[in-house]
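Work through the exercises below with the model open in your viewer. Try each task before reading its solution.

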Amino acid sequence: MNVLNEWAFVGIFIAIAWVFPALPIIIARFFGPKKPNAIKLMTYESGVETVGDTWVQFKIQYYLYGLVFLIFDVEMVFLFPWAVAYNELNFFAFGAGLLFIFLLTDALIYAWRKNALEWS
Amino acid sequence: MDCSSVVVCDLLRSGGMDPGLAMFIALLLGVVLVTTIPLVTVIFLIWVERKVAARIQDRLGPNRVGPFGLLQTFADMIKLITKENITPANADRVVYNFAPLLSVVSVVLIWAVIPFTPYHIGTDLEIGALYIVAVASLGTLAIMTAGWASNNKYALLGAFRVVAQLVSYEVPLVFALLVPIMLAGSMGMQDIVYAQAGMWFFFMVPLSAVLLFIASHAETGRGPFDLIEAESEIIAGFNIEYSGMKFGMFFAAEFIHVFTNAVLMAVFFFGGWWGPGALDAPLLALLYLGLKSAVIYFIYLWVRNTFPRVRIDQLLDLNWKFFVPLSIVNVLVVAFVLKILQELQIAVPLNASTNFLATIPMTVVLLLVNVAMTYALIAWLRNRGAKARQVDLANQHEDIVVAGAAGD
């Protein structure tokens, strides 16, 4: 198969894959009872009425982990081709990889020193 | 388009069909076949999981429906189908219904690039490994949307923890994945399997295999890392507001995910379908892959049922202050040793025709380096643990002295 067909397979796969989880949910609609009432549709919170809105500001720590992750997410994409071509490159490739990883590990060390990784 | 390499396509075209349409139908059949495999396997896997968990906890597990309780899953399915589907009034309906679908799809999509035998693979993408990383991270999104759309405080807390946990553990996962790619010199899944013709990567770089195992275990959100649905803390986390078949889909997605991880471990580190006679008999190759995956799957279950749950701060510290630096060092050390071996002409190119004996020198060196790294690591951890215990002991002693002085 050529490149176009390989990706056509993925394209069809993405379309078809939705059918399999959707089917049982749709079938269940016909078999299950449907008797909604106000109490049943209430948000579950250990039997008491929920107080205030759920979608509020939350702990900053979660954002920080997200941000630190972002550094590595970008880094990883660049390291994949480096790893693939590694066997054909000379010793310089190792130095380049080392430098690249070092520059980004800097960010991790910085976040660490600034206590961004402390859970408190 | 090239039609000749696909049997079904040839058959349809000889019946006078348009080649483009024939190719499309052939691809469609392939897709349906590949999608069905994980979804049928999961029915059996749920039974295996429950039986293994029961045996570890000294129970019998399901044994009433059918022989050895084999039909238990079908009974559960009928139960889930006849349950009422409750959508809470406050939920964001569109996203709420979308999340369970996405969680299954994200896992099933991985199977597009899994090599079953030398000749049977959904599609052998040149960037197979990168495709897996990209698609698998959709699962995180599914759980996040589920938690947010439920409009429930527990569910939202679960979703937060997902962001922290799943996203964090993706870093060591990908760094561990870089090592087999580097050894094979390719991201294509078949290439990675062929590169293990001489020697399984597990014997060259066991540390990476262990890292990938732990990180992928955290990615499924179970075992000691089941904080996203910790029953005793946030009840069920992201799926608290889901009922009936929608809950069933999250459940199924988790089970398929674990088995998919077992298959990926087998492909990346244990030679995939490779075994004696695999090239001549595709069925035998499939059996090898199945056996390897089953053993790894059992270890996943074993870990899940044996270890106690960690705290969220411990979980994140373990990742960011231990696994991430370790996985980076691991990649650099392996890269360095590999380059030296290549310069010294000890390393051999790894491909389908690599001899077992030819790989021994490079395997021994890489293995020794890995053992040395592991040894240093364990020594460091022991040292650190001993120091922490001493500090604890000193504090305790101080407390006793203070209590004594106060006359308590």
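**Exercise 1. Salt bridges**

How many salt bridges does a search of the whole structure find over all chains?

*Solution.* This is a predicted model, and side-chain atom pairs count only at pLDDT 80 or more. Over all chains, the search finds six salt bridges. Now take one pair. The side chains of B:Arg304 and B:Glu49 form a salt bridge, with N to O at 2.4 Å. That value passes the test, because a salt bridge needs the nitrogen within 4 Å of the carboxyl oxygen. Next, place the two residues. B:Arg304 sits in helix H13 of chain B and B:Glu49 in helix H2 of chain B. They are 255 residues apart, so the pair links distant parts of the chain.

**Exercise 2. The contact between chain B and chain A**

Describe the contact by residues, area, polar links and elements.

*Solution.*

- Step 1, residues. Chain B contributes 92 residues and chain A contributes 67 residues.
- Step 2, area. The two chains bury about 7400 Å² between them, with 76% of it on carbon and sulfur atoms. B:Lys153, B:Trp320 and B:Lys339 supply 10% of the area that chain B buries against chain A, more than any other three residues.
- Step 3, polar links. The count of salt bridges between chain B and chain A is zero. Six residue pairs are in polar contact, both residues at pLDDT 80 or more.
- Step 4, elements. Helices of chain B that give two or more residues to this side include H2 (19–56), H7 (153–184) and H14 (312–343). H14(B) gives the most, with 18 residues.
- Step 5, classes. The side of chain B that touches chain A has 60 nonpolar, 16 polar and 16 charged residues.

**Exercise 3. The second largest pocket**

Which helices supply at least two residues each of the lining of the second largest pocket?

*Solution.* Start with volume: the second largest pocket holds about 850 Å³ of space. Its lining has 34 residues; B:Ile46, B:Thr73, B:Met77, B:Gly248 and B:Ala252 are the closest to its centre. Now the helices. Chain A supplies helix H2 (19–31), and chain B supplies H2, H3 (72–81), H12 and H13 (282–306). H2(B) gives the most to this lining, with nine residues. Finish with the classes: the lining divides into 22 nonpolar, six polar and six charged residues.

Technical notes
Residues are numbered from 1 along each chain as its sequence is written. Chains are lettered from A and ligands numbered from 1 in the order in which they are written. This is a predicted model: local features need pLDDT of at least 70, side-chain atom pairs count only at pLDDT 80 or more; totals for chains, interfaces and linings use all residues. Side-chain values use heavy atoms; hydrogens and water are left out. Contact means heavy atoms within 4.5 Å. Buried area is the accessible area (1.4 Å probe) that two parts lose on being put together, summed over both. A polar contact is a pair of N or O atoms within 3.5 Å; within protein, one must be able to donate a hydrogen and the other to accept it, and residues adjacent in sequence count only if both atoms are side-chain atoms. Helices (H or I, at least four residues) and strands (E, at least two) are DSSP runs, numbered from the N terminus. Ala, Val, Leu, Ile, Met, Phe, Trp, Tyr, Cys and Pro count as nonpolar, Asp, Glu, Lys and Arg as charged, and the others, Gly among them, as polar. On a 1 Å grid over the protein atoms alone, a cavity is a set of points where a 1.4 Å probe fits but cannot get out, and a pocket is an open set with protein on both sides within 12 Å along at least five of seven lines; lining residues have an atom within 4 Å of a point. Grid points are joined across faces, edges and corners, and a volume is the space filled by probe spheres set on the points.
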